[in-house]
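Reader: I would like a close look at one part of this model, taken slowly and in plain words. Please start from a single residue and work outwards to what surrounds it.

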Amino acid sequence: YASNHFWLDVDDAGRCHVGIDSFLAELAGDIEGLEFATAKGTHCPGLTVVIHGLEWPMFFPNAMMIEKVNHRVRTDLARLTADPYGLGWLFEGRELKDITQAGLLSGSDAASWQRAERDRLASEIHEMQAPGCDGGVPVGGVASLLSRPDLVCVCQQFFGTIGWLPEEQ
């Protein structure tokens with residue numbers, strides 16, 4: 001997992017898939033739009049998602065050799081949130097040795113991080129005192145309960161800052 005809520009799966013032959021994780025999928029509830037910023041070549045996979053009217057650019061932090069994107073998710077956006085680790089994958093390609101997996105979390109470290117992220121989200125939302133948020137654990141689609149400024153704040157905190165672009169590798 002990347003710290004901005006992308007996942008990476010690499011098989012023994014070095015073929016890999018990248019997508020958004022269940023944390024982002026659950027927070028969004030529904031993703032209203034998707035544009036791929038990178039489609040082929042050696043790049044950090046990038047896209048813009050639309051979450052409750054907010055266009056948010058996101059980049060997987062490490063480069064890979066992108067061979068194709070999952071165009072089916074553009075016509076069936078529900079795949080992103082209903083099955084983010086399966087039918088909702090975004091990019092397919094080849095791993096770049098010592099680059100694509102650099103700095104990512106896996107195993108028990110990833111599980112602990114995911115739990116901490118859910119706790120951090122609950123804390124952030126409670127501090128906002130968002131209408132409809134009662135102090136419990138955030139439910140799927142909580143983004144729809146946030147004001148636009150609060151949603152921007154949450155996206156900055158968890159998914160990266162608008163205007164940030166990774167270096168080409």
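**A loop residue, and the strands and rings beyond**

Author: Aspartate 98 sits in the loop between strand E8 and helix H4 (107–128). The model is a predicted one. In this model the phi of aspartate 98 is near 65°, a positive value in a residue that is not glycine. Aspartate 98 counts as exposed because its relative accessibility is 67%, and the cut-off for exposed is over 50%.

A second residue can be set beside it. Histidine 52 also has a positive phi, of about 50°, and is not a glycine either. Its place is the loop between E5 and E6. With a relative accessible area of 29%, histidine 52 is partly exposed.

From the loop at aspartate 98, the next step is back to E8. Strand E8 covers residues 91–94 and is joined to E7 by four bridges, the two strands running antiparallel. One position can be named: valine 69 has phenylalanine 91 in E8 as its bridge partner. On E7 there is a further pairing, since three bridges join strand E4 (residues 41–43) to E7 (residues 64–69), again antiparallel. There, glycine 41 has isoleucine 66 in E7 as its bridge partner.

Phenylalanine 91 is also the way into the aromatic contacts. The structure holds eight aromatic pairs. One of them is tilted: phenylalanine 23 and phenylalanine 158 lie 5.4 Å centre to centre, with 35° between the planes. Phenylalanine 23 belongs to helix H1 (residues 22–28) and phenylalanine 158 to helix H5 (residues 148–159), so this pair links distant parts of the chain, 135 residues apart. Both of these phenylalanines, 23 and 158, are buried.

The pair that involves phenylalanine 91 has phenylalanine 36 as its other member; the ring centres are 5.4 Å apart and the planes stand at 80°, so the pair is edge-to-face. Phenylalanine 36 lies in strand E3 (residues 33–36) and phenylalanine 91 in E8, so the contact ties together parts that are 55 residues apart in sequence. Phenylalanine 91 counts as buried because its relative accessibility is 0%. Phenylalanine 36 is buried as well, at a relative accessible area of 16%, because the limit for buried is under 20%.

Strand E3 leads on to another sheet. Three strands form this open sheet, in the order E3-E5-E6, with antiparallel pairing. Strands E3 and E6 (54–59) are the edges, each pairing on one side only. From one strand to the next the twist averages 20°. Four bridges join E3 to E5 (residues 46–51), and within that pairing leucine 34 stands opposite valine 49 in E5. H5 packs on this sheet and touches E5 and E6; the direction of H5 makes about 5° with that of E6.

H5 brings the account back to phenylalanine 158, which lies in that helix. Arginine 120 lies over the face of phenylalanine 158, at 3.9 Å from the ring centre. Apart from the phenylalanines described here, Tyr1, Trp7, Tyr85 and Trp113 form one aromatic cluster.

To retrace the route: the exposed residue aspartate 98 is in the loop that follows from E8 to H4, E8 holds phenylalanine 91, and the ring of phenylalanine 91 pairs edge-to-face with that of phenylalanine 36. Phenylalanine 36 is in E3, an edge strand of the open sheet on which H5 packs.

Definitions and conventions:
Residues are numbered from 1 along each chain as its sequence is written. This is a predicted model: local features need pLDDT of at least 70, side-chain atom pairs count only at pLDDT 80 or more; totals for chains, interfaces and linings use all residues. Side-chain values use heavy atoms; hydrogens and water are left out. Two strands pair if DSSP finds at least two bridges between them. Rings of Phe, Tyr and Trp (its six-membered ring) pair if their centres lie within 6.5 Å; planes under 30 degrees apart count as stacked, over 60 as edge-to-face and the rest as tilted. Buried means under 20% relative accessible area, exposed over 50%, partly exposed in between (1.4 Å probe, protein chains only). A charge sits over a ring if NZ of Lys or CZ of Arg is within 6 Å of the ring centre and within 35 degrees of the ring normal. Axes are lines fitted to C-alpha atoms, for helices over the stretch in contact, and angles run from 0 to 180 degrees between N-to-C directions. Contact means heavy atoms within 4.5 Å.
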